[in-house]
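Me: I have a model open and want to go through its aromatic rings. Can you take my questions one at a time?

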Amino acid sequence: MAKRRKVKIGRIIIIVILLLAIISGSIFLYDANKKKSEIKEFNVSDLNINEIDYSESKLLPIGLNSKEYLLIRLNDFKVLYAYGNDKPIYPASLTKVLTMDVILDICDDINETSSYTADQWNYLVSENASMAGLYTDTDYTIKELLYGLILPSGADAATALSNYANSKGYDLIDLMNKKCTELGLVNSHFINPTGLHDDDLYTSLDDYAKIVIDALKKKEGKEILKTMYAEVKDKDYHSTLEVLEDRDDDIKVYGGKTGFTLEAGMNIMTLYEADNRSYLLILANAEGSPYVGARSNIDDVNNVMNFLYN
């Protein structure tokens, strides 16, 4: 009888041990999946924007079309590679990330609306600005305008957002430069929300990284910057980085922003994940023009990724 009890107790102990092992394993997998999910979400909320670490920064040992570059690991704000990163550059349409960032600062409800006029459309066309195809004198929600601003790089969306700021009693350019001061930027000045060239509109890659990170700290900003495709009324918006989406490796490109003027060259900011870590890659001043099919900025992104991960 005692022997039978010992056998039962032994079985119970084994079952308890197995249950504890299963529970522990489940907790481990949950934590691992949660951690991986947080990495994929580019979670920079708990990191101090003024503590970007350049101590281990190196030069890339490969040739690039871009004259300046900066690669930051977003999980810990470590700069891995950088060159010319403190030099003032013309951002072109990279400017629109700052436009979005300050609009989100003043917008209480992204379902509020704004529009732009036929005269404003005529001006943008005369400047050969990139457009999202918005109809004049038509109300769009702020969220719709932000998608039009970032994905197809719409100067019409930027203008409608400037009108929105005016309707709230703000000057958008004033807000943009105040944001530069707030973020501690030292080589930045903006005079329009579109990035249309002006000698007095400039930033550096160091400064611009802080602008992007500040936008990523906002829920809507992160959502929009990590989007490749969106439907807005009767428009299908595709990111100008869409060509990077279908790589044949484990690197996942989520989104970003491109920019081009003759003076700025071809610029690009890319958000991607590799090895379960999140990265911000900014490249500036590559030769070529998208109007003649050049993609030197895209080629540089692929070259950097192929060198680092393949």
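Me: Which residues do ring pairs link into a cluster?
Reply: This is a predicted model. In it, ring pairs link Tyr272, Tyr279 and Tyr309 into a cluster.

Me: How many aromatic pairs does a search of the whole structure find?
Reply: Five. One of them is Phe260 with Tyr291.

Me: What makes the pair of Phe260 and Tyr291 edge-to-face?
Reply: The ring centres are 5.7 Å apart, and pairing needs them within 6.5 Å. The planes stand at 80°. Over 60 degrees counts as edge-to-face, so the name fits.

Me: Why does this pair tie together separate parts of the sequence?
Reply: Phe260 lies in strand S7, and Tyr291 in the loop between strand S9 and helix H9. These parts are 31 residues apart in sequence, so the pair ties them together.

Me: Phe260 and Tyr291: how do you know which is buried and which is exposed?
Reply: Phe260 has 16% relative accessibility. Buried means under 20%, so Phe260 is buried. Tyr291 has 57%. Exposed means over 50%, so Tyr291 is exposed.

Me: Why is the pair of Tyr272 and Tyr279 called stacked?
Reply: Their planes are 15° apart, with centres at 5.1 Å. Planes under 30 degrees apart count as stacked, so this pair qualifies. Tyr272 is buried at 0% relative accessibility, and Tyr279 is buried at 5%.

Me: What makes you say that the charged end of Lys226 sits over the ring of Tyr254?
Reply: The charged end is 4.8 Å from the ring centre. The distance limit is 6 Å, and the direction must also lie within 35 degrees of the ring normal. Lys252 also has its charged end over the ring of Tyr254, 5.8 Å from the centre.

Key
Residues are numbered from 1 along each chain as its sequence is written. This is a predicted model: local features need pLDDT of at least 70, side-chain atom pairs count only at pLDDT 80 or more; totals for chains, interfaces and linings use all residues. Side-chain values use heavy atoms; hydrogens and water are left out. Rings of Phe, Tyr and Trp (its six-membered ring) pair if their centres lie within 6.5 Å; planes under 30 degrees apart count as stacked, over 60 as edge-to-face and the rest as tilted. Helices (H or I, at least four residues) and strands (E, at least two) are DSSP runs, numbered from the N terminus. Buried means under 20% relative accessible area, exposed over 50%, partly exposed in between (1.4 Å probe, protein chains only).
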